[in-house]
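Student: Please take a close look at one loop of this chain and the elements on either side of it. Then connect that part to the rest of the fold for me.

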Amino acid sequence: MQTKYKSARCGEITVSDVGKEVVLAGWVHQVRDLGGKKFVILRDGSGLIQVTITKGSVPDEIVSIVEQLTPESVIQVKGVVKGDPRAPRGIEITPIEIRVLSRAKAPLPLDVSSKVKADIDTRLRERVLDLRRLESRALVRIMNSVVRTIREELLSRGFVEVFTPKIIATATEGGANLFPIIYFGREAFLAQSPQLYKELLAAALERVFEIGPAWRAEESDTPYHLAEFISVDIEAAFMDYNDVMKILEDILQKILKTLEKENSEDLKILNHTLPNVSFPLPRITYTEALDILKRRGLDIKFGDDLGTPELRLLSTEIESHFYFIIDFPTKTRPFYTKPRDDDPELSESFDLVWQYLELASGSSRIHDKEMLISSIKSRGLNVENFNYFIKWFDYGMPPHAGWGLGLARLLLPLTGRSSVKEVTLFPRDKKRLIP
RNA sequence: GCCGCGGUAGUAUAGCCCGGCCAGUAUGCGGGCCUGUCGAGCCCGUGACCCGGGUUCAAAUCCCGGCCGCGGCGCCA
């Protein structure tokens, strides 16, 4: 698309444009100055292109501008597309005019061309420069493909995208700590999950999904936790946990296909190979998991949580990198989780696990009002706080089910990165609030 | 929050065990040479021991406290 500032984008120029005059604008990715011959690698959102300056055959003014260029300065280049087998991609720009729109200070606090590596702390502190790196941009493109695939897949199944309130009056579930805020003089909280609202919306629209932020004020200080994270949530009436598990599984399969097809360049930049996954994924019951762990010498009692050390051990016993653990004890799950009809100690619930990391969590939900109230009470929660939710169970609440998926966590197996902070543009953790 | 490891130029690191020489290297930055680079190359220069206290004739190095980071655990998704 042509704009006031450019007639074309760097990465979109091809050999078929040879001979054309173009105006480009972007960042100075690198300058290689050989004296009489200078190469400026220009980068914009679409990619890179080489600008070749030959002393004597371009105006002296251009030569002196290029000699003073600093990396990451923003420039505009008017020039002619030339074909040359010695140039990257076989094309380069012979400049007619170069204008500096914004001169970058040197040295940079982070090497954008990635010749010198920086550790994650420096990268997050200098995040905007870090996000200009080829590797970071590959991550963002993969994130985009993932989100788009999820959205397309759900829309094609009749789900509608919704937006639930992020400022809420009370905790939606026990456990997680909420961030308190002041709402016109009253106490309110940042939503830890769209859970209750998406259930109410499923009671209105049948199939809904949301991709949005959630907040947890946990002490968690690990490569898998953030104070603010993007959650992919679905909720569907007239489905049970097996139905929504199938949807999750299908989405994962679609994502792998999409990335293979559309992001092979990005995966190459990241030096990552997508995991080989066969479908359907194994489904291991909580009880089976306990047996496996017992056989391996870990004595976990029924009702205990499966922590990271347990999942690490469990994953060594399971062929697939991705698997479901299903039928958790009812009392380890949130109050809205539906118990199994044949054994109320167990619930119609599941986690999607990658190796030892929980990526998603879901269940069939209770749709009977009395059962819901006794479930709330049995967890020691105050029924009064949930009246705004329970009320609607009087007016036609269908059986329903859903899940929530951590986007950044899902990106770890897909990108080969080891921390959710790396796959979050501006991560928020216990210590980091800026940038 | 607990345990372990760490903090040296803008960035990434060596040196620390076994205290003592201009604190080494890469990259960056400044200057010079260079008309096909693509991690360009070569030469010259530049720039650092997290903070506070202690031990010692002498501390980047040993000890204590703090702050910060990374990993593991806990909590949690």
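Tutor: Helices (H or I, at least four residues) and strands (E, at least two) are DSSP runs here, numbered from the N terminus. Residue numbers start at 1 along each chain as its sequence is written, chains are lettered from A and ligands numbered from 1 in the order written. This is a predicted model, where local features need pLDDT of at least 70, side-chain atom pairs count only at pLDDT 80 or more, and totals for chains, interfaces and linings use all residues; side-chain values use heavy atoms, leaving out hydrogens and water.

Let's settle on the loop between β11 and α6, where Phe-238 is found. Its phi is near 60°, a positive value in a residue other than glycine. Most residues other than glycine have a negative phi, and most peptide bonds are trans. Phe-238 counts as exposed, at 56% relative accessibility (exposed is over 50% relative accessible area, buried under 20%, partly exposed in between, with a 1.4 Å probe and protein chains only).

On one side of this loop, strand β11 (228–237) belongs to an open sheet of eight strands, in the order β6-β10-β11-β16-β15-β14-β13-β12 and with mixed pairing (two strands pair if DSSP finds at least two bridges between them). β6 (160–161) and β12 (283–285) stand at the edges with a single partner strand each, so one side of each is left without a neighbour in the sheet. At the β12 edge, three bridges join β12 to β13 (residues 322–326), and the two run parallel. Within that pair, Thr-285 has Ile-326 as its bridge partner in β13. On the other side of the loop, helix α6 (residues 241–262) packs on the sheet, touching β11, β12, β13, β14 (349–354), β15 (357–365) and β16 (a contact means heavy atoms within 4.5 Å). The direction of α6 makes about 35° with that of β16 (axes are lines fitted to C-alpha atoms, for helices over the stretch in contact, and angles run from 0 to 180 degrees between N-to-C directions). Another helix, α4 (residues 134–156), lies across β6, β10 (207–215), β11 and β16 (400–406), running at about 150° to β10.

Moving on along the chain, the loop between α7 (264–269) and β12 holds Pro-280. A cis peptide bond joins Phe-279 to Pro-280, with omega about 0°. Past β12, helices α8 (residues 286–295) and α9 (residues 308–315) pack at an angle of about 85° with their axes 10 Å apart. In that contact, Ala-289, Ile-292 and Leu-293 of α8 meet Glu-310, Leu-313 and Leu-314 of α9.

There is a second exposed Phe with a positive phi to set beside Phe-238. Phe-184, in the loop between β8 and β9, has a phi of about 45° although it is not a glycine. Phe-184 is exposed, with a relative accessible area of 76%. Its neighbours β8 and β9 (residues 186–190) pair in the antiparallel sense over four bridges, and Ile-181 stands opposite Ala-188 in β9. They sit in an open, antiparallel sheet of three strands in the order β7-β9-β8, where the edge strands are β7 (167–168) and β8 (180–183), each pairing on one side only.

Now for the wider picture. The domain assignment gives domain 1 as 10–102 and domain 2 as 134–415 (the bounds come from an automatic or database domain assignment). The C-alpha centres of the two domains lie 48 Å apart.

Over in the N-terminal region, β1 (residues 21–33) and β2 pair antiparallel over six bridges, with Arg-43 in β2 as the bridge partner of Trp-27. Three residues lie between these strands in their hairpin, and Gly-35 takes a positive phi near 100° there. β2 also forms a hairpin with β3, with two residues between them; eight bridges join this antiparallel pair, and Val-40 stands opposite Val-51 in β3. Seven of the eight residues of β2 (residues 37–44) are buried, so β2 is largely enclosed by the rest of the structure.

Across chain A as a whole, the secondary structure comes to twelve helices and 16 strands. Buried residues make up 50% of its 435 residues. The C-alpha atoms fill a box of roughly 85 × 55 × 40 Å along the principal axes.
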